[in-house]
Amino acid sequence: MSTAEQQPESTESTTSDALLGPADIRELAAALGVRPTKQKGQNFVIDANTVRRIVRTAEVRPDDVVVEVGPGLGSLTLALLEAADRVTAVEIDDILAAALPATIEARMPQRKDRFALVHSDAMLVTELPGPAPTALVANLPYNVAVPVLLTMLDRFPSIERTLVMVQAEVADRLAAEPGNKVYGVPSVKANWYAHVKRAGSIGRKVFWPAPNVDSGLVSLVRRAEPIKTSASKAEVFAVVDAAFAQRRKTLRAALAGWAGSAAGAEAALVAAGVSPQARGESLTVEEFAAIAEHKPAVQRPAL
């Protein structure tokens, strides 16, 4: 990277002291008696330049209503409040949820009325306060990243743009294209909702504690039009799950249980224009949808 490319980020870091730095994070954590735990997947971002980079990469606009999952001590939350119209944070941890509003009021009092907190498990959230969210930006706990991401995209169709920071391996899987060796269930299901791409890498040193793995950014832009299919999302996802449950097998074999028999799977595949000898890792989400449309009817036993 050239010096010219680096300059804007270093200049930005001097424009505001509202964001949390390493000393602020540790001081806040100590005051709350918080010690990050692996069980909760907690790794707090301690670098202000990194959170600003995330906000820029997410292309957060002044009119955006952003939902953040797992705000922790508020590093990214504050950066989002600088750029967006409103921010709603979903936090499961009792101590962190109780402390975050006070952090916002202390460091960015002029924006406190633009912030809302939902103290809940993101997997259980079915509605959010205020206007419908237009963007999802989050440093997702690595142990639940994929289910949380897919759940939020499913429950809040108003979310147009998403940028999540996840474990690098998960980022690769989410953004993988058909034919890639890491292409699998997360890749296909994410593609059901959005166009997905890798949007950068994040080093380990910007976290406290530093994780043992690298992190990656994934951008998801919701499809302007849903996948054209007469099959439901549940029906399509059932095919996807079956295909990758035995990913080394041909689809004729892997989908035998789903179709009721290997012959039934072959018939559905042929009708969908997919080779029975193909494997799940070579199919697009549209092809999985086509297979779902041709699931054999259940043969009821004669009375």
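**Reading a predicted fold, starting from Trp208**

User: Let's start with Trp208: is that residue buried or exposed?

Analyst: Trp208 is buried, with a relative accessible area of 14%. Here "buried" means under 20% relative accessible area, "exposed" means over 50%, and "partly exposed" is in between (1.4 Å probe, protein chains only). One caveat before we go on: this is a predicted model, so local features need pLDDT of at least 70 and side-chain atom pairs count only at pLDDT 80 or more, while totals for chains, interfaces and linings use all residues. Residues are numbered from 1 along each chain as its sequence is written, and side-chain values use heavy atoms, with hydrogens and water left out.

User: Fair enough. What percentage of the protein chain is buried?

Analyst: Buried residues make up 48% of the 303 residues. As for the overall layout, the protein chain has 13 helices and nine strands. Those are DSSP runs numbered from the N terminus, helices being H or I with at least four residues and strands being E with at least two. The C-alpha trace spans about 70 × 45 × 35 Å along its principal axes.

User: Back to that tryptophan. How do I read an aromatic pair?

Analyst: You describe two rings by the distance of their centres and the angle of their planes. For Phe, Tyr and Trp (its six-membered ring), centres within 6.5 Å make a pair; planes under 30 degrees apart are stacked, over 60 edge-to-face, and the rest tilted. This structure holds five such pairs. One of them is Phe44 with Trp208, which is tilted at 6.2 Å centre to centre and 40 degrees between the planes. That pair links distant parts of the chain: Phe44 sits in strand β1 (residues 44-45) and Trp208 in strand β8 (residues 207-208), 164 residues apart. Phe44 counts as buried too, because its relative accessibility is 6%.

User: And what kind of pair do Trp192 and Phe237 make?

Analyst: An edge-to-face one, because the centres are 5.9 Å apart and the planes stand at 75 degrees. Trp192 lies in helix α8 (residues 185-193) and Phe237 in helix α9 (residues 233-245), so the pair ties together parts that are 45 residues apart in sequence. Trp192 counts as buried at 14% relative accessibility, and Phe237 does at 11%. There's also an aromatic cluster, formed by Tyr183, Phe244 and Phe288.

User: How enclosed is helix α8, and what covers its buried residues?

Analyst: Seven of the nine residues of α8 are buried, so the helix is largely enclosed by the rest of the structure. The buried set is Ser187, Val188, Lys189, Ala190, Asn191, Trp192 and Tyr193. Their cover includes α6 (145-155), α7 (168-175), β7 (194-202), β9 (215-222), α9 and α13 (285-293).

User: How should I think about a nonpolar core?

Analyst: In soluble globular proteins, nonpolar side chains tend to be buried together. Here a core is a set of buried Ala, Val, Leu, Ile, Met, Phe, Trp, Tyr and Cys residues joined through side-chain atoms within 4.5 Å. The largest one has 61 residues, and those with the most contacts inside it are Leu140, Leu220, Val236, Leu255, Phe288 and Ile291. A second, separate core has 39 residues, including Ala18, Val60, Leu80 and Met108.

User: Which residues does Thr77 touch?

Analyst: Contact means heavy atoms within 4.5 Å. Not counting residues up to four places away in sequence, Thr77 touches Glu68, Pro71, Val87, Leu100, Ile104 and Phe115. Thr77 is in helix α4 (residues 75-83) and counts as buried, at 0% relative accessibility. Its partner Phe115 lies in strand β4 (residues 115-119) and is buried at 13%. Beyond Thr77, the contacts of Phe115 include Leu81, Ala89 and Pro101.

User: Any backbone oddities I should look at?

Analyst: Most residues other than glycine have a negative phi, and most peptide bonds are trans. Two spots here are worth a look. A cis peptide bond joins Trp208 and Pro209, with omega about -10 degrees, and Pro209 is in the loop between β8 and β9. Glu59 has a positive phi, near 55 degrees; that residue is in the loop between α3 (48-57) and β2 (65-69) and counts as exposed, at 55% relative accessibility.
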